[in-house]
Amino acid sequence: TAINAFPVTGMSKDTVTIKSCRDFKISGDGTSDAWKTTGWIDLLQPDRDTAYSTRVKVLYSATGIYFLYDCRDKKLISTMRADNLNLWEEDVVEAFLWTDENFPVYFEYELSPYNYELPIMVPNNNGNFLGWLPWHYDGDRRTQHSTSIIRDKNNEITAWRAEFFIPYKLLQPLGNVPPKSGTKWRANMYRIDYDKGKEMPFAWQKTTGTFHEYKKFGTFIFK
C-alpha cells in the first residue's frame, strides 16, 4: 500500500472541527469510507533532520470517538508485547482528551505499532499526576483498536497506521460526555518515534516539558 494514498488536507491549528459519522468497523488501515469525509490534522515535529510526517483524522459517532494515525517511518522500535506497559518508551501514538475544563482529569490513550494499548484516566493536580487503568474494562466500555505496517515493493517499512475507537462509556463520569453538536473538548495528539535512538516527539499542540501540560491542549469542536 502506498503511503501517498492519503493526501494531506488538514492544517495544524489550535482548534479543529470534528465531524460526525455512523459507527463503523476498525480495520487498522483507515480504509473505511467514513474517513473520506474528513481531512488530516498534521502533527508538528521539532527535529526537522528526519523527513517523517505524522497526521491524524478524528470523527465522532453517537457512541464514541474515532482516531486514525498515519505515521511515516523506516523502522519500528517496538518490543513490548503486552497491554498496559510503558509504551511511551518505544514507538507509539497517543491521544489525550480533557472533556471538561472545570475538572483537571483527562483520558490518555496510547497504541503501539503492534497493537498493544495503554488506556488510563489521569488526574493532574497542577503538574502532579498519575494514571489509573479502567475498572470493569469489557463489553461496551472497551476500546476497539487495530494497526497496520506499510511496506514498499522491496518489503521495506515506509509507515505504520493506528486506528482506534474510544467509547463514551469508558470516559464516564467525565463532564461533557457524550458530546453533541457545539460541544468543546480540550485535546492533544502525539507520536513518539525512536529511530535515532532517542525520543523524537510529534505533537498537534506544542508542549515544552511533558505531554501532560493540559492547559496547552488544543480544542475539538464537535459539529
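Biologist: Let's start inside the fold. Which residues does Val56 touch, not counting residues up to four places away in sequence?

Modeller: In this predicted model, Val56 touches Gly39, Trp40, Ile41, Leu43, Phe67, Leu68, Tyr69 and Met189. Val56 itself sits in strand E3, which covers residues 54-60.

Biologist: Why is Val56 called buried?

Modeller: The word buried is used under 20% relative accessible area. Val56 has 0% relative accessibility, so Val56 counts as buried.

Biologist: How far apart are Val56 and Met189, in sequence and in space?

Modeller: They are 133 residues apart in sequence, yet their C-alpha atoms are 8.1 Å apart in space. Met189 is also on the list of residues that Val56 touches, and a contact needs heavy atoms within 4.5 Å.

Biologist: What share of the contacts in the protein chain join residues at least 24 apart?

Modeller: Among contacts between residues at least 6 apart in sequence, the share is 64%.

Biologist: Let's step back to the whole chain. How many helices and strands does the protein chain have?

Modeller: There is 1 helix, along with 13 strands. Reading along the sequence, you meet them as β-β-β-β-β-β-β-β-β-β-α-β-β-β.

Biologist: What makes the radius of gyration agree with a compact globule?

Modeller: You set one value against the other. For 223 residues, a compact globule would have a radius of gyration near 17 Å, and the protein chain has 16 Å, which agrees. The C-alpha atoms fill a box of roughly 50 × 40 × 35 Å along the principal axes. Buried residues make up 54% of the chain.

Biologist: And what does the outside of the protein chain look like in numbers?

Modeller: About 10900 Å² is exposed, and carbon and sulfur atoms supply 50% of that area. As for charge, the protein chain has 28 positive and 28 negative side chains, with the centres of the two sets 6 Å apart.

Biologist: Now a loop residue. Why does Ser112 count as buried?

Modeller: Use the cut-off again, under 20%. Ser112 has 2% relative accessibility, so Ser112 counts as buried. Its place is in the loop between strand E6 (105-111) and strand E7 (117-125). Leaving aside neighbours within four places in sequence, Ser112 is in contact with Ser78, Leu87, Asp91, Val92, Thr147 and Trp160.

Biologist: What makes you say that E7 is mostly covered?

Modeller: Just count: 7 of the 9 residues in E7 are buried.

Biologist: How do you know that E6 and E7 pair?

Modeller: Pairing asks for at least two bridges between the strands. E6 and E7 are joined by 7 bridges and run antiparallel, so they pair. For instance, the bridge partner of Val105 in E7 is Pro123. Their hairpin has 5 residues between the strands, and Asn115 takes a positive phi near 75 degrees there.

Biologist: How many bridges do E7 and E8 pair over?

Modeller: E7 and strand E8 (residues 128-129) pair in the antiparallel sense over 2 bridges. The cut-off is at least two, so these strands also count as paired. In E8, Asn128 is the bridge partner of Asn125.

Biologist: Is Asn126 buried or exposed?

Modeller: The word exposed is used over 50%. Asn126 has a relative accessible area of 66%, so Asn126 is exposed. This residue lies in the loop between E7 and E8, and has a positive phi of about 55 degrees although it is not a glycine.

Biologist: Where is Asn155 found?

Modeller: Asn155 is in the loop between E9 and E10. Asn155 is not a glycine, yet has a positive phi of about 70 degrees. Strand E9 (residues 144-151) and strand E10 (residues 157-167) run antiparallel and are joined by 8 bridges. One example is Gln144, whose bridge partner in E10 is Phe165.

Biologist: One last stop. Which residues does a cis peptide bond join, with omega about 10 degrees?

Modeller: That bond joins Gln172 and Pro173. Pro173 lies in the loop between helix H1 (168-171) and strand E11 (184-193). Another cis peptide bond joins Val177 and Pro178, with omega about 0 degrees. Pro178 also has its place in the loop between H1 and E11.

Note on methods:
Residues are numbered from 1 along each chain as its sequence is written. This is a predicted model: local features need pLDDT of at least 70, side-chain atom pairs count only at pLDDT 80 or more; totals for chains, interfaces and linings use all residues. Side-chain values use heavy atoms; hydrogens and water are left out. Helices (H or I, at least four residues) and strands (E, at least two) are DSSP runs, numbered from the N terminus. The radius of gyration is taken over C-alpha atoms; the globule rule is 2.2 Å times the number of residues to the power 0.38. Buried means under 20% relative accessible area, exposed over 50%, partly exposed in between (1.4 Å probe, protein chains only). Accessible areas come from the Shrake-Rupley method with a 1.4 Å probe; for residues, only the protein chains shown count as cover. Lys and Arg count as positive and Asp and Glu as negative; His and the chain ends are not counted. The place of a charge is taken as NZ of Lys, CZ of Arg, CG of Asp or CD of Glu.
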